[in-house]
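I set aside this page for a few lookups in one chain, taken a residue or a helix at a time. The entries follow the order in which I went through them.

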Amino acid sequence: MKAGMKDSEPDSGVARPSRVRVAVVILNWNGLPFLEKFLPSVVEGSADLAQVWVADNASSDKSLDFVAEHFPQVRLLSIPRNMGFAGGYNYALERISAEFVVLLNQDVSVTKDWLRPLMAALDADPQAAAVQPKLRAFDQPEYFEYAGAAGGMMDALGYPFCRGRIFDHCEKDQGQYDDPCEIFWASGAALFIRRELYLGIGGLDEDFFAHMEEIDLCWRLRKAGYKILYAPDSVVWHVGGGSLDRDNPRKLFLNFRNNSRMLIKNSSASRLLWLYPLRMALDSIAALHEWLNGKPAMAKAALEGKYHTVWYFFYWRKKAVQSRIKENSLRIAADRSKARGFFSGSIVWQHFVRGVKRYSDL
């Protein structure tokens, strides 16, 4: 395939450029305005360090024509249909060969040499599977961004949050989280990962379609004994909500549904005996809160997302067995799910009862 040319036969084989260490892969779906705005920084910031790819999820806005005309150095991959975030990246990474791959959202601006700290983090630790940069908000550049902030965490009840972001409260970045560390999950907005491990663990779960699939991926890698890291010397700016706005009922439905799927899939049977009914109750209260605040569509979406998994509970427990087979085939150490990056308390209690808004105050 020539740079800047469309892949007219997407299933014809795997692109295997020689001696490529890093491939930055932007999954695009009707994101022409984002590509016009953010692709220049990615091309400039990745020069001499990585190949840049745009994998297109069957867009109808001539995104690929724009890239081919204005960025001939960027490689293009056409996905035959919109396969969602998970399916789109699985399709692309099976066909793009590199030691490391970066899953980069189309609405992310990067800095010069942003890749070097990420490469160094994985080069220094063979037990590290993935790493994320510091994510700041594009519209409020001094503040952490919702999707990943300074690294993803998980509490004892299965609620994901971040260093620098607890529920909807994002902190101002004042250097308080400038320590490289192990985290529970790395944001899919800018996920730097070993391609071999990505494929070996089964990639992103396509049943998620979009939202929280990167948390599930990182959880599975941690169960196989691998570390997920945070590298603060690499900084990117993320718009967020590029595909679905945070107040969109569809997004809330996916978040509630996929969080339940993730817990059923990755928790032990004994843990689910108490966790699943407790989460059903807590998330129903959250839906009631939306309704009382005059947002019936959001309340309906939350309830539909939560109770959707009830009918498919055993399907997801079967997937748990299938995932465990892959995890065991890659295992290098004991399960790290309760290691660094795991908060043994309840973030709901800390935030809504005790009023904690800053990760550093936990």
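**Entry 1, a glycine in a loop.** Which residues does Gly31 touch, not counting residues up to four places away in sequence? I am working from a predicted model, so I note that before anything else. In that model I find that Gly31 touches Asp61, Ser63 and Gln106 once those sequence neighbours are left out. I placed Gly31 in the loop between strand 1 (22–28) and helix 1 (32–45). For one of its contacts, Asp61, I also looked up the C-alpha separation, which is 7.7 Å, although the two residues lie 30 residues apart along the chain. Is Gly31 buried or exposed? Its relative accessible area is 0%, and because buried means under 20%, I record Gly31 as buried.

**Entry 2, helix 1.** I went on to the helix that follows this loop, and noted that helix 1 has 14 residues and reaches 20 Å from its first C-alpha to its last, close to the 20 Å expected at 1.5 Å a residue. I also noted a kink of about 45° at Phe38, shortly before the proline Pro40. Phe38 is itself among the buried residues of helix 1, a list that further holds Leu32, Leu35, Leu39, Ser41, Val42, Val43 and Gly45. Against which elements do the buried residues of helix 1 pack? I find strand 1, strand 2 (51–56), helix 2 (63–70), strand 4 (100–104) and strand 5 (108–110).

**Entry 3, helices 7 and 8.** Next I looked up how helix 7 (residues 249–266) lies relative to helix 8 (residues 269–292), and read that their axes come within 11 Å and cross at roughly 170°. Angles over 145 degrees count as roughly antiparallel, and I therefore enter helix 7 and helix 8 as roughly antiparallel to each other. The contact is made by Phe256, Asn259, Leu263 and Ile264 on the helix 7 side, and by Leu272, Leu275, Tyr276, Arg279, Asp283 and Ala286 on the helix 8 side. Sorted by class, this contact has seven nonpolar, one polar and two charged residues.

**Entry 4, an aspartate in helix 4.** My last lookup was Asp123, which is found in helix 4 (residues 115–124). With a relative accessible area of 43%, Asp123 is partly exposed. Leaving out residues up to four places away in sequence, I find that Asp123 touches Arg21 and Phe100. I also entered its separation from Gly200, which is 77 residues in sequence and 19 Å in space, C-alpha to C-alpha.

Technical notes: Residues numbered from 1 in each chain as written. Predicted model: local features only at pLDDT ≥ 70, side-chain atom pairs only at ≥ 80, totals over all residues. Heavy atoms only, no water. Buried < 20%, exposed > 50% of the residue type's maximum accessible area, 1.4 Å probe, protein only. Contact = heavy atoms within 4.5 Å. Expected span 1.5 Å × (residues − 1). Bend = angle between axes of the 7 residues up to and from the residue. Axes fitted to C-alpha atoms, helices over the stretch in contact; angles between N-to-C directions. Parallel < 35°, antiparallel > 145°, perpendicular 65-115°, else oblique. Nonpolar A, V, L, I, M, F, W, Y, C, P; charged D, E, K, R; others polar.
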